[in-house]
Amino acid sequence: GGGGGGGGEGGGGGGGGILVPMYLAIGHFSPHYGIPLSKATIFGGAITNNYFNLKRRHPVANRPMIDYTACMLLEPVLLLGTILGVFFNAVSPGWAITVLLVVTLCYTTYRTGLKAYETYIKEEKAEAEDETSRLLPAGNPNGNKKHFTFNDDHELPPELRAIVKAESGHNLYSVGVLSVSWVVIATFSLLKGGEGGEGVFPCGSVGYWALVLAPTPIIFSLVWYVGNRASAAYYRKVELGYEFPEGDLHWTKRNTRVFPLYCITAGFAAGALGIAAGTILGPVLLELGLLPIVATTSSGFMVIFTASSTTFQFLVMGQLQVDYAMFFCMIGLLGGAVGNTSVNWLVKKYKKTWFVVAILTFVLFMSVFLMVTQPHQPSTQIRTLSNGLDGFVGPCRPHVHVGAFFAWPFARGACLGVVH
């Protein structure tokens, strides 16, 4: 667990891509227990990961390494996706989860590997052309050029000076938005209830499904509001002649609406498959155009909210063994420290960032390798219904015909959880 978590955290992936196969293949946990344990491990690693990342600075501009605007717009929708993922994990058989996990990891490995190769070629070319200054940490003595945000404040117009000053520190407003999103998800999870306790409405009732769906309009309204603020700030920067550094995302009105939607899949994977959101979100941020080191740092920041949220939801659903979770959380803390120290040493020594993407690719590859080569115990993964689709159970009662699952408003019964 420590090795997988260390490699994943250092690469910004969170480690879940390799932790879940390890727990399933080596620890012989069923997917319904191994996945919640992986989330606890990821959460521990995310704490250490962000201890390091909060101190780091952007490689080009005078600001923190974490892209707080991207986190503020993407993470709430990602948290929303975890609700669907956790629910899918609870009602699905182990074989379905395993198949989805392998397919997801294969595709992500392929895309991330391509990005690692592209980054390698780009950085080698930059080095040959003596343009490494844009790849090194800001203020590096070997750099030939600095972003204007490093200039004397007195040289800037007052409004632009205020923007630069605000961006040079940590964005507490963004942290507040993420915290509100987390509380919304947690509150409705508690009200909904699960195997760990009865909710305010009987499981399967109209009120129950209203609580399940309630976070959706709240989160989307929040994202719409902060998206309007972000796009207004972007257009104002353009008017002031702000020079956007390489790798900055341009938060146009369209991008503030479209980019967050990409994160629903990452949230679903985090909840259903136990993959750290960063494993999926990291490659997404790279595709959007963030610098590799900024993408992995930002996705690592979002992981702490996602992992803690999914851990809490699994606890409410009654799928998390607390004593195991505490132990593996400590393993994650240690693994995160090792992973971050190793990656920082590599980047500083070789003045390259493609290592970060390569490490993430290696973690994903090892995940796929473990999943397809290690035998699993079918008895722990497949639950058969006497009538209905093999292995799927209703959300409220074990051994419910799958047809009853789709009759949401008419389902009744206490929330007894999933029989593994």
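**Close-up 1. The surroundings of D67 in a predicted model.** Once its neighbours within four places in sequence are set aside, D67 is in contact with L290, V294 and S298. This comes from a predicted model, so please read the views that follow in that light. D67 itself is found in the loop that links α3 (31-53) to α4.

**Close-up 2. The charge and polar partners of D67.** Which side chain of opposite charge is nearest to D67? That is R63, 5.7 Å away. Because a salt bridge needs the two groups within 4 Å, D67 has none, although D67 is buried. A polar atom of the D67 side chain does lie 3.1 Å from the backbone nitrogen of A70.

**Close-up 3. Cysteines C71 and C263.** Searching the whole structure turns up 0 disulfides. For C71, the nearest cysteine sulfur belongs to C263, at 9.8 Å, and C71 is in no disulfide. Seen from the other side, C263 is in no disulfide either, with the sulfur of C71 as the nearest cysteine sulfur, 9.8 Å away. Are these residues buried or exposed? C71 counts as buried because its relative accessibility is 0%, and C263 counts as buried because its relative accessibility is 0%.

**Close-up 4. Helix α8 and what covers it.** Helix α8 spans residues 206-213, and its buried residues are G207, Y208, W209, L211 and V212. Which helices help to cover the buried residues of α8? Among them are α4 (68-91), α7 (172-192) and α9 (215-240).

Notes: Residues are numbered from 1 along each chain as its sequence is written. This is a predicted model: local features need pLDDT of at least 70, side-chain atom pairs count only at pLDDT 80 or more; totals for chains, interfaces and linings use all residues. Side-chain values use heavy atoms; hydrogens and water are left out. A disulfide is a pair of cysteine sulfur atoms within 2.5 Å. Buried means under 20% relative accessible area, exposed over 50%, partly exposed in between (1.4 Å probe, protein chains only). Helices (H or I, at least four residues) and strands (E, at least two) are DSSP runs, numbered from the N terminus. Contact means heavy atoms within 4.5 Å. Lys and Arg count as positive and Asp and Glu as negative; His and the chain ends are not counted. A polar contact is a pair of N or O atoms within 3.5 Å; within protein, one must be able to donate a hydrogen and the other to accept it, and residues adjacent in sequence count only if both atoms are side-chain atoms.
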